[in-house]
Amino acid sequence: MNYRHAFHAGNFGDCMKHALLVWLIDALQLKPAPIFVLDTHAGAGRYDLTDGPAQRTGEWRQGIERLIDAPSPALARYLGFIRTLGLYPGSPALIRAMLRPDDRLACCELQPDDLFQLRRHFARDPQVAVHHRDGWETLGALLPPRQRRGLVLIDPPFEDTEEFAHVVDGLATAHARFGAGVLAAWYPIKHRAPVRGFFTALQQTGIRDIVAAEFLLREPILPDRLNGCGLLVVNPPYRFEHEAPPILQALLERLGRNERGATAGVTRIAGE
């Protein structure tokens with residue numbers, strides 16, 4: 001799977017990831033203390049859906065276009081940012097729009113074209129640091145942050161057949177250095193075997209308090225097709241397990257096509 005952000009901006013996976021990302025940051029900001037957010041695979045920051053890679057794939061037409069035309073109270077906060085920011089904001093633009101004056105964001109990107117766009121977007125922004133470095137390496141280099149609270153977003157391209165293993169190792173590193181932080185990792189669901197292995201490997205790390213929010217357009221039995229996606233969350237904020245399902249259900253109602261096996265929900269992977 002080539003999951004370079006530009007080709008898939010605004011698709012159902014982006015919508016799911018970003019709707020939950022907005023909720024997570026809102027939850028962290030319920031307390032006044034400043035937060036730090038690390039985006040390990042940041043991409044270009046924002047995307048023109050009517051030109052370039054996103055226009056060629058057209059995946060956004062079955063994602064954000066359908067949501068904008070069929071709003072839901074559960075998605076109102078997320079869609080409000082989409083309307084305000086314009087085009088399609090990637091996770092760095094969404095996160096930046098939510099930062100309070102004392103909050104900070106660090107974005108990491110290796111791909112030169114995306115890095116150029118990211119740096120241009122955040123030029124002279126004192127609250128955002130853009131790093132030309134490997135996202136996996138930054139989990140050791142940039143953690144723990146000066147702020148005691150925060151979020152790490154891990155969203156790799158899943159071009160490497162060992163990417164699930166990299167995510168497990170990355171989460172273990174991040175948790176060892178920033179044990180109180182909320183760690184969120186997006187993953188594709190093509191068929192169940194890799195995801196089951198992913199969950200087992202996570203359980204073997206000994207990390208506690210892990211949940212998985214999943215969104216399936218269809219039964220995951222076609223290994224050559226993206227059938228759904230998930231967001232794994234370590235140290236989920238209070239009420240995530242209660243408030244994420246309505247968001248996922250609203251996405252399913254608007255983006256699903258009543259295919260067999262379509263479902264959405266939150267599963268606990270490791271106890272508190």
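Two strands are said to pair if DSSP finds at least two bridges between them. With that in hand, let's walk through this predicted model, in which local features need pLDDT of at least 70, side-chain atom pairs count only at pLDDT 80 or more, and totals for chains, interfaces and linings use all residues. Residues are numbered from 1 along each chain as its sequence is written, and side-chain values use heavy atoms, leaving out hydrogens and water.

Start with the sheet. Eight strands make an open sheet with mixed pairing, in the order 5-4-1-6-7-9-8-10; strands (E, at least two residues) and helices (H or I, at least four) are DSSP runs numbered from the N terminus. Strand 5 (128-131) and strand 10 (263-270) each have a single partner strand, so one side of each is left without a neighbour in the sheet. Further in, strand 8 (residues 210-216) and strand 9 run antiparallel, joined by seven bridges. Phe-215, for instance, has Cys-229 in strand 9 as its bridge partner.

Now turn to helix 9 (residues 163-177). Its 15 residues should span 21 Å at 1.5 Å a residue (the expected span is 1.5 Å times one less than the number of residues), and its end C-alpha atoms are indeed 21 Å apart. Among its buried residues (under 20% relative accessible area, with a 1.4 Å probe and protein chains only) are Phe-164, Val-167 and Leu-171. Seen down the helix axis, the buried residues fall within an arc of 165° (taken from the directions from the axis to the C-beta atoms), so they line one face. The face turned away carries Asp-169 and Ala-176, which are exposed (over 50%, with partly exposed in between).
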